[in-house]
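Please open the model in your viewer and keep the sequence panel alongside. The tour below proceeds by selection, with a short account of what is found at each stop.

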Amino acid sequence: MTHTDDPQIDENRRRARGACSNHTGRFEARQRVDVSDDWEIPEDRPMFKTTLDFELAKSIITRNTSPDIPFDRSINPYRGCEHGCIYCFARPTHAYLGYSPGLDFETKLIARPNAAEVLERELRNRGYAVGPIAVGTNTDPYQPVERDQRIMRDCLKVLQRFRHPVTIVTKGTLIERDLDILSDMATQGLVQVGVSVTSLDVRTSRLMEPRTPVPARRLALIERLSQAGIPVRLMMAPVVPCVTDHEVERILGAAAQAGAKAASWIMLRLPLEVSELFQEWLGAHFPDRKSKVMSHIRDMHGGKDYEAEWGKRMRGEGHYAQMIAHRVALAMRKNGLGKDLPALRTDLFEVPFAQGDQLSLF
């Protein structure tokens, strides 16, 4: 048997992973398929293990002009994410690297070890205009490999020295390691953290987000960050029809009780390969709900699995989308959760002296 991408990988080979398959990336000239050599000799197929490669970043600050995104710049210390969230809208980006958005996305990771160095260089550019930098908008900066690589911590040190505002989105409790930096920046109005909680049910969370902290641990993270003086937003993203939608009020209430001051939400998005991967996942874990889930999704997107139009892609349209929006708004008001956290300060930004700079005499 030739080692290739199975349409559905054997469950024993993908334990604690989100995707059920590893289809070849859409930009590859050749597709891999499983073929039998007719010898009928049992073959031991290895489990998918996490590997880490490195690339030296030439630039690190990515710009965007999307009108429905509340930031215009971001940084990503890692490509791919071991958390393995089946719904992750960043999965298709792995195809640009020649990898599959399926299991490759959560097992073939790439770190950018010089991210902090490049970040400092870009912040020193004469034409740089300060504005909040978003981290964790694509892949989680506090996924497990950060424990040893410490790339995110090095980037935070740069931002701290420059007194540069930053927003962070994470599911990873490893962020607690950096409370010394974050609490200092918070006293200056320079940091906000969004903690993603999509379900309070341990089984559902384990299936959707197999290598993330359990929901109760994430609520404890909200509490610890809040106690350290760091403004926290609950990120309820995504809301999954017929899987997590019944938990909306409970999630918002639990996050508010833990100390979150604001909340936001996004409906399930299925761009490009994410649609096929998510439907495979539904068939494996919630086969009785698959048709109903996809019916709601298509009703919200004009009969399609996904509509990328700005202003519609995050929430969808129609009766179901309006119902969820109404329930969220009521629960936020009931629990005293705002839509926004206080604006981060940009007036404190200052380029520190670099090694070898001559001190001013005046």
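Two strands are said to pair if DSSP finds at least two bridges between them. With that in mind, note that this is a predicted model, and begin with strand E7.

**First stop: strand E7 and its neighbours**

Select Ile 168 in E7 together with Val 193 in E8; the two residues stand opposite each other. E7 and strand E8, residues 191–196, pair in the parallel sense over five bridges. Now add Val 135, which stands opposite Ile 168. Strand E6, residues 133–135, also pairs with E7 in the parallel sense, here over three bridges.

Next, display the side chains along E7. Which of them are buried, and which are not? Val 166, Ile 168 and Thr 170 point to one face and are buried. Thr 167 and Val 169 point to the other face and are not buried. In a regular strand the side chains alternate between the two faces of the sheet.

**Second stop: a salt bridge between Glu 176 and Arg 217**

Select Glu 176 and Arg 217, whose side chains meet in a salt bridge of 2.7 Å, N to O. Glu 176 lies in the loop between strand E7 (166–170) and helix H5 (179–187), and Arg 217 lies in helix H7 (residues 215–227), so the pair ties together parts that are 41 residues apart in sequence. Is each partner buried or exposed? Glu 176 is buried, because its relative accessible area of 13% is under the 20% limit. Arg 217, at 31% relative accessibility, counts as partly exposed.

**Third stop: further salt bridges**

Select Glu 146, Arg 153, Arg 177, Asp 178 and Asp 180, which are linked in a network of salt bridges. Move on to Glu 307 and Lys 304, where the closest N and O atoms of the salt bridge are 2.6 Å apart. Both residues are partly exposed: Glu 307 has a relative accessible area of 21%, and Lys 304 one of 41%.

Then select Asp 347 and Arg 345, whose side chains meet in a salt bridge of 2.7 Å, N to O. Asp 347 counts as exposed at 54% relative accessibility, whereas Arg 345 is partly exposed at 38%. How many salt bridges are counted? The count comes to 24.

**Fourth stop: a nonpolar patch on the surface**

Switch to a surface display and select Phe 27, Tyr 96 and Leu 97. These residues make a nonpolar surface patch of about 330 Å². Tyr 96 is found in the loop between strand E4 (78–79) and helix H1 (103–107). Tyr 96 is exposed, with a relative accessible area of 59%.

**Last stop: the whole protein**

Clear the selection and view the complete model. The protein contains 11 helices and 10 strands. Its C-alpha atoms fill a box of roughly 80 × 50 × 35 Å along the principal axes. The radius of gyration is 21 Å, which agrees with the value near 21 Å for a compact globule of 362 residues.

Of the 362 residues, 52% count as buried. The accessible surface comes to about 17500 Å², and 51% of it belongs to carbon and sulfur atoms. Among contacts with a separation of 6 or more, 79% are between residues 24 or more positions apart.

Definitions and conventions
Residues numbered from 1 in each chain as written. Predicted model: local features only at pLDDT ≥ 70, side-chain atom pairs only at ≥ 80, totals over all residues. Heavy atoms only, no water. Patch = residues over 30% accessible without salt bridge, like charges linked within 9 Å, V, L, I, M, F, W, Y side chains within 5 Å. Areas by Shrake-Rupley, 256 points an atom, 1.4 Å probe, with all protein chains shown as cover. Salt bridge = Lys/Arg side-chain N within 4 Å of Asp/Glu carboxyl O. Helix = DSSP H or I, 4+ residues; strand = E, 2+ residues; numbered from the N terminus. Buried < 20%, exposed > 50% of the residue type's maximum accessible area, 1.4 Å probe, protein only. Rg over C-alpha atoms; globule rule 2.2 N^0.38 Å. Contact = heavy atoms within 4.5 Å.
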